[in-house]
Amino acid sequence: MHDPAKLPAPGVPEVAFAGRSNAGKSSAINALVGRRRLAFVSKTPGRTQLINFFSLGSTSYLVDLPGYGYAGVPAEVRQHWEELVGGYVATRSSLAGVVVVMDSRHPLMPLDRELLAWLREAGRPVHVLLTKADKLSRQAATATLQRVRRELASEHVGATAQLFSSMKREGLEEAQEVVEGFCRAAQKQSPG
Ligand code: GDP
């Protein structure tokens with residue numbers, strides 16, 4: 001079961017990263033935060049489903065949510081993920097926004113859409129990072145970005161999307177600006 005007491009007390013705004021296993025989430029986080037100190041590790045019972053907190057200076061956290069869509073996971077692990085991540089996005093008061101990481105070659109898979117539906121229900125700002133863009137031709141990458149933006153416009157109004165490559169370090173600034181924007185907007189809503 002998800003135990004909110006195991007997370008740090010909600011405080012400064014946090015931006016969570018979520019994505020299918022192997023989508024490139026860890027690489028994206030490494031590219032964005034470098035070797036910044038791991039601020040807090042929340043050990044949740046049940047296999048290796050962890051919520052990791054990275055400090056972004058003293059003003060915000062980057063939160064690494066457990067990946068989903070592993071092949072052949074037992075039903076109870078999948079259920080644990082749903083409770084953990086579903087509970088977190090529905091109730092976490094300091095959550096400023098969520099970056100959903102997708103492999104640009106396979107965007108908007110069923111579990112991505114499930115997560116987007118929870119985020120829409122919870123009214124969370126969403127940004128989609130289309131990773132491994134270096135594996136697509138420029139033309140195919142642009143077409144994918146347009147298609148994802150079009151689908152988001154009908155499924156999650158206000159959600160944004162961008163191309164990203166950890167390997168080529170492409171799209172870093174844009175992603176950093178979005179993360180900072182989420183935090184600024186959250187701070188405006190609940191100053192001090
Ligand atoms: P995670 O499971 O979502 O955390 O995914 P990882 O960050 O561990 O990446 C999964 C695999 O994709 C690894 O083999 C990475 O080296 C590779 N990968 C991640 N990002 C990129 C990228 O931008 N370009 C390329 N070509 N490969 C990437």
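**Notebook: chain, helix α1, helix α5**

I began with the contacts in this predicted model. Of the contacts in the protein chain with a separation of 6 or more, 71% are between residues 24 or more positions apart.

Next I looked up the secondary structure. I found 5 helices and 7 strands in the protein chain. Along the sequence I read their order as β-α-β-β-β-α-β-α-β-α-β-α.

Then I turned to burial and surface. The protein chain has 192 residues, and 48% of them are buried. I noted an accessible surface of about 9,700 Å² for the protein chain. Carbon and sulfur atoms hold 52% of that surface.

I went on to helix α1, which spans residues 25-33. Which residues of α1 are buried? I listed Lys25, Ala28, Ile29, Ala31, Leu32 and Val33. I then asked what covers these buried residues of α1. The cover includes the strands β1 (14-19), β3 (50-56), β4 (60-64), β5 (95-103) and β6 (126-131), and also helix α5. After α1 comes Gly34, and I noted that its phi is positive, near 60°.

Since α5 had come up as cover for α1, I looked there last. Helix α5 runs over residues 172-189 and contains Glu174. Is Glu174 buried, exposed or partly exposed? Its relative accessibility is 38%, so I entered Glu174 as partly exposed; buried would need a value under 20% and exposed one over 50%. Glu174 also belongs to a negative surface patch, together with Glu173, Glu177 and Glu180.

Methods. Residues are numbered from 1 along each chain as its sequence is written. This is a predicted model: local features need pLDDT of at least 70, side-chain atom pairs count only at pLDDT 80 or more; totals for chains, interfaces and linings use all residues. Side-chain values use heavy atoms; hydrogens and water are left out. Patches are made of residues with over 30% relative accessible area and no salt bridge: like charges are joined within 9 Å, nonpolar side chains (Val, Leu, Ile, Met, Phe, Trp, Tyr) within 5 Å. Accessible areas come from the Shrake-Rupley method with a 1.4 Å probe; for residues, only the protein chains shown count as cover. A salt bridge is a side-chain nitrogen of Lys or Arg within 4 Å of a carboxyl oxygen of Asp or Glu. Lys and Arg count as positive and Asp and Glu as negative; His and the chain ends are not counted. The place of a charge is taken as NZ of Lys, CZ of Arg, CG of Asp or CD of Glu. Helices (H or I, at least four residues) and strands (E, at least two) are DSSP runs, numbered from the N terminus. Buried means under 20% relative accessible area, exposed over 50%, partly exposed in between (1.4 Å probe, protein chains only). Contact means heavy atoms within 4.5 Å.
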